[in-house]
Amino acid sequence: MARLPRLGPAILAGHPGPLALPRYDRAALRPGIVHLGLGAFFRAHGVLYTEDVLNAQGVASAGGDWGILGASLQRPDQRDRLAPQRGLYTAIEHGAGGVKARIVGNLLGVLVAPEDPAALVARMAAAETRIVSLTVTEKGYCHDPATGRLRPDHADIRHDLENPAAPRSAVGFLAAALRLRWQAGQKPFSVLCCDNLPHNGRLLAGLLHDFAALHDDSFATWIARAVPFPCTMVDRIVPAQTAADLAEAEALTGCHDAAPVVHEPFRQWVIEDHFVDGERPDWALAGAQFTADVAPFEHMKLRLLNGAHSALAYLGYLAGHETIGDTMADPAFTAFLRGLWREEILPVLPPPPGMDLLAYTEALAARFANPAIRHRTWQIAMDGSQKLPQRLLGTVRERLAQGLPVERLALVVAAWVRYAGGVDERGQPIDVRDPLAQPLRAALDAAGEDPAARVRAALGFTAIFGEDLAADARFAGAVTGAYRRLLSAGARAALA
Ligand code: CS2
């Protein structure tokens with residue numbers, strides 16, 4: 001087979017197939033946004049919203065130069081894939097209506113932070129940068145997930161406090177760049193957190209304030225006064241890249257694209273409209289929703305979508321299901337999921353203005369069932385220690401406070417304990433990826449075989465469960481009962 005050319009600017013001149021191309025002058029685009037944590041999600045979400053604004057308005061009239069410069073805080077792979085393509089990549093939508101593909105033009109380059117941290121700090125501090133956005137995943141904030149406070153003992157935070165000009169963490173980079181602006185008497189950039197965390201903007205503002213205060217109180221005060229951290233709710237299902245995606249991108253473009261993203265049709269972005277001098281792309285043109293208070297939307301999404309995702313991930317993985325779609329094709333799981341939503345989550349969840357939450361869950365069920373989106377249960381099961389608090393434990397807390405049962409939620413927590421134990425139902429090892437994987441595994445191993453002891457060991461992680469749930473006998477009893485059922489009957493039968 002002939003070797004295909006590498007995807008690159010040549011494709012912008014035109015393409016014979018049904019492939020959408022940028023409609024604006026890419027050569028005129030300047031980077032007004034620096035994005036930390038350039039993974040598949042942001043390339044299928046924030047970059048596409050911005051691309052749609054540029055397509056609708058053109059570069060000059062978009063009210064600023066809203067090209068995006070991405071940064072990887074850990075590995076060079078995204079840069080290595082995207083640099084030979086000058087940042088261009090294929091975004092492929094898989095939905096009931098079939099496949100739609102487009103070439104995305106507004107990612108202008110990728111910096112690799114560990115190779116040259118000072119270069120990233122300088123780029124963020126440059127006056128041209130008006131927004132620094134982030135998707136660094138939950139664990140990237142170096143915080144305590146139960147309290148939302150910075151962990152000064154975190155290895156990256158300790159490093160960044162000692163090496164403020166050459167940081168490693170997202171918080172360290174933000175502090176370094178904002179400090180340069182502050183020292184120069186310039187206005188700050190806006191910080192746009194796009195991770196699935198509760199009150200994500202406010203949480204990050206608190207982390208940055210805590211970090212800065214360890215250095216200099218007047219800098220910390222300036223951050224609190226001058227830097228906007230709008231909260232956001234982001235939503236789109238975007239599985240990690242697979243070999244099949246590469247083959248599909250080749251067939252669609254006639255080029256070798258090393259960095260395609262496959263995503264579902266649905267997307268949502270709710271943003272608090274609080275930016276330095278109001279400067280931001282007009283994302284509403286692309287369907288983003290600006291609001292004064294994101295909290296009800298974020299609650300809805302974290303608890304109904306992400307909570308359900310984690311439930312399907314742990315229980316589905318244990319039952320031998322590879323993807324969320326496969327799990328949803330199993331009627332025992334869809335019945336469980338509906339029960340979880342209707343009986344346990346929805347009764348303690350106030351709807352955002354104008355939203356019908358039952359309809360929202362029905363739409364979610366259809367999105368999860370999309371067979372053309374192969375989202376692995378293993379991928380979602382990752383980093384459970386950082387995800388459970390905002391996805392499930394808030395609901396648990398509110399139900400316990402009202403004296404309501406938590407049977408299904410407890411089963412999910414029990415499945416997470418089982419998963420964290422590192423051995424599946426067929427005795428095979430599980431590749432557990434979680435910043436607390438080792439201490440969790442050690443605590444479970446030390447607890448031995450007794451279900452009550454194992455559950456007690458897991459719930460003893462107050463960074464996850466807080467002091468309150470760690471000490472709650474009703475919760476421990478429910479999780480232990482569920483854990484016993486998982487052991488005796490297996491995950492699938494335990495759903496009944
Ligand atoms: C998922 C999310 O990986 C996970 O934990 O629950 O990435 C989810 O797909 C997105 O939040 C959907 O918006």
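This dialogue explains how to read two sheets and one pocket in a predicted model.

User: In what order do the strands of the five-stranded open sheet lie, and how are they paired?

Analyst: The strand order describes the sheet from one side to the other. Here the order is 6-3-2-7-8, and the pairing is parallel. Strand 6 (107–112) and strand 8 (190–193) are the edge strands, each pairing on one side only. Direction ignored, neighbouring strands of this sheet are turned by 25° against each other on average.

User: How many bridges pair strand 3 with strand 6?

Analyst: Strand 3 (residues 67–72) pairs with strand 6 over five bridges, in the parallel sense. To locate the register, one may take A71, whose bridge partner in strand 6 is L111.

User: Which strands do helix 4 and helix 6 meet?

Analyst: Helix 4 (residues 117–125) lies across strand 2 (31–36), strand 3, strand 6 and strand 7 (131–134), and runs at about 135° to strand 2. Helix 6 (residues 170–183) packs on the sheet as well, touching strand 2, strand 7 and strand 8. The direction of helix 6 makes about 175° with that of strand 7.

User: How should the four-stranded open sheet be read: what are its order and pairing?

Analyst: The order of this sheet is 1-5-4-10, with mixed pairing. Its edge strands, strand 1 (19–20) and strand 10 (261–263), each pair on one side only. Strand 4 (residues 89–95) and strand 5 (residues 98–104) run antiparallel and are joined by seven bridges; in strand 5, K100 is the bridge partner of E93.

User: At what angles do helix 2 and helix 9 run to strands of this sheet?

Analyst: Helix 2 (residues 46–57), which lies across strand 4, strand 5 and strand 10, runs at about 75° to strand 5. Helix 9 (residues 243–253) packs on the sheet and touches strand 1, strand 4, strand 5 and strand 10; its direction makes about 105° with that of strand 4.

User: Turning to the second largest pocket, what is its volume, and which residues lie nearest its centre?

Analyst: Empty space is revealed by rolling a probe the size of a water molecule over the atoms. The second largest pocket has a volume of about 380 Å³. Its lining comprises 22 residues, with P145, A146, P198, H199 and Q390 nearest the centre.

User: Which helices and domains supply the lining, and what is its make-up by class?

Analyst: Helix 7 (200–213), helix 10 (295–318) and helix 15 (384–401) each supply at least two residues. Helix 7 gives the most, with five residues. Domain 1 (9–291) and domain 2 (295–494) each contribute at least three residues to the lining. By class, the lining has seven nonpolar, eight polar and seven charged residues.

Technical notes
Residues numbered from 1 in each chain as written. Predicted model: local features only at pLDDT ≥ 70, side-chain atom pairs only at ≥ 80, totals over all residues. Heavy atoms only, no water. 1 Å grid on protein atoms, 1.4 Å probe; cavity = no way out; pocket = protein on both sides within 12 Å on 5 of 7 lines; lining within 4 Å. Points joined across faces, edges and corners; volume = space filled by probe spheres on them. Nonpolar A, V, L, I, M, F, W, Y, C, P; charged D, E, K, R; others polar. Domains from an automatic or database assignment. Pairing = 2+ DSSP bridges. Axes fitted to C-alpha atoms, helices over the stretch in contact; angles between N-to-C directions. Contact = heavy atoms within 4.5 Å.
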